[in-house]
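Student: I should like a close look at a single part of this model. Which residues line the largest pocket? Please set the answer in the context of the neighbouring secondary structure.

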Amino acid sequence: MLTTYHLDHPESGDAQVLDGWSYFWGAIGGPIYVFVKGFRLLALAMLGITCAIALGAFLVLSFAVTILGDPLMSVASILVTIVVAFFLHSAAAVELVRYGLIRQGWREGYYY
């Protein structure tokens with residue numbers, strides 16, 4: 001479900017792997033993760049994505065808690081919304097870092 005990316009730099013021979021830990025730090029840090037990887041403008045884009053995901057999660061949670069009268073369903077909807085929001089957040093952060101690396105000349109390879 002979460003793709004592992006292997007990127008190589010053709011000139012220096014360096015390699016980077018975007019794997020499970022990248023998704024974890026992307027979910028937790030978002031714009032900070034992208035900034036630490038060295039992409040200032042993409043970090044600003046990630047900040048906008050973070051705000052959009054937070055707003056979407058807030059609207060879904062407000063709607064679910066208002067419409068659902070059952071406390072168990074409300075708690076379940078809160079948990080599902082949080083998990084989906086973190087998943088989207090991590091995927092967006094890793095994709096932005098991948099995009100930035102490719103723009104810098106890194107090439108992608110898939111190793112199993």
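Tutor: Helices (H or I, at least four residues) and strands (E, at least two) are DSSP runs, numbered from the N terminus. The model is predicted, so local features need pLDDT of at least 70 and side-chain atom pairs count only at pLDDT 80 or more, whereas totals for chains, interfaces and linings use all residues. Residues are numbered from 1 along each chain as its sequence is written, and side-chain values use heavy atoms, with hydrogens and water left out.

Confidence comes first. The protein chain has an average pLDDT (the predictor's confidence in each residue, from 0 to 100) of 91, and 96% of its residues reach at least 70. Among the elements, helix H2 (residues 31-36) has the highest mean, 96, and strand E3 the lowest, 84.

The largest pocket is lined by Gly38, Phe39, Arg40, Leu41, Leu42, Gly100, Arg103 and Gln104. A pocket here is an open set of points on a 1 Å grid over the protein atoms alone, where a 1.4 Å probe fits, with protein on both sides within 12 Å along at least five of seven lines; lining residues have an atom within 4 Å of a point. The volume is about 150 Å³, that is, the space filled by probe spheres set on the points, which are joined across faces, edges and corners.

Two helices contribute to this lining. Helix H3 (40-67) and helix H4 (71-103) each supply at least two of its residues, and H3 gives the largest share, with 3 residues. In chemical class, the lining of the pocket is mixed, with 3 nonpolar, 3 polar and 2 charged residues. In this scheme Ala, Val, Leu, Ile, Met, Phe, Trp, Tyr, Cys and Pro are nonpolar, Asp, Glu, Lys and Arg charged, and the others, Gly among them, polar.

Two lining residues of H4 show how burial varies around the pocket. Gly100 is found in helix H4, and Gly100 counts as buried because its relative accessible area is 4%. The cut-offs are under 20% for buried, over 50% for exposed and in between for partly exposed (1.4 Å probe, protein chains only). Arg103 also lies in helix H4, but Arg103 is exposed, because its relative accessibility is 62%. From C-alpha to C-alpha, Gly100 and Ala52 are 21 Å apart in space and 48 residues apart in sequence. For Arg103 and Pro10, the corresponding values are 13 Å and 93 residues.

Beyond the pocket, the strands form a paired arrangement around E1 (residues 5-8). Strands pair if DSSP finds at least two bridges between them. E1 runs antiparallel to strand E2 (residues 15-18), to which 4 bridges join it, and E1 also runs antiparallel to strand E3 (residues 107-109), through 3 bridges. E1 and E2 form a hairpin with 6 residues between them, and Gly13 in the turn has a positive phi of about 80 degrees.

Both faces of E1 are covered: Tyr5 and Leu7 are buried on one side, as are His6 and Asp8 on the other. Towards E2, Leu7 has Gln16 as its bridge partner, and His6 stands opposite Val17. Towards E3, the bridge partner of Asp8 is Arg107. Gln16, found in strand E2, is partly exposed because its relative accessibility is 24%. The C-alpha atoms of Gln16 and Tyr5 are 8.2 Å apart, with their positions 11 residues apart in sequence.

A group of rings completes the account. The whole structure contains 2 aromatic pairs, where rings of Phe, Tyr and Trp (its six-membered ring) pair if their centres lie within 6.5 Å, with planes under 30 degrees apart stacked, over 60 edge-to-face and the rest tilted. Trp21 and Phe24 form an edge-to-face pair, at 5.6 Å centre to centre and 85 degrees between the planes. These two residues are separated by about one helical turn, because they are 3 residues apart in helix H1 (residues 20-29). Phe24 and Trp25 form an edge-to-face pair as well, with centres 4.9 Å apart and planes at 75 degrees. Ring pairs thus link Trp21, Phe24 and Trp25 into a cluster. Within this cluster, Trp21 is exposed at 57% relative accessibility, Phe24 partly exposed at 38%, and Trp25 partly exposed at 46%.
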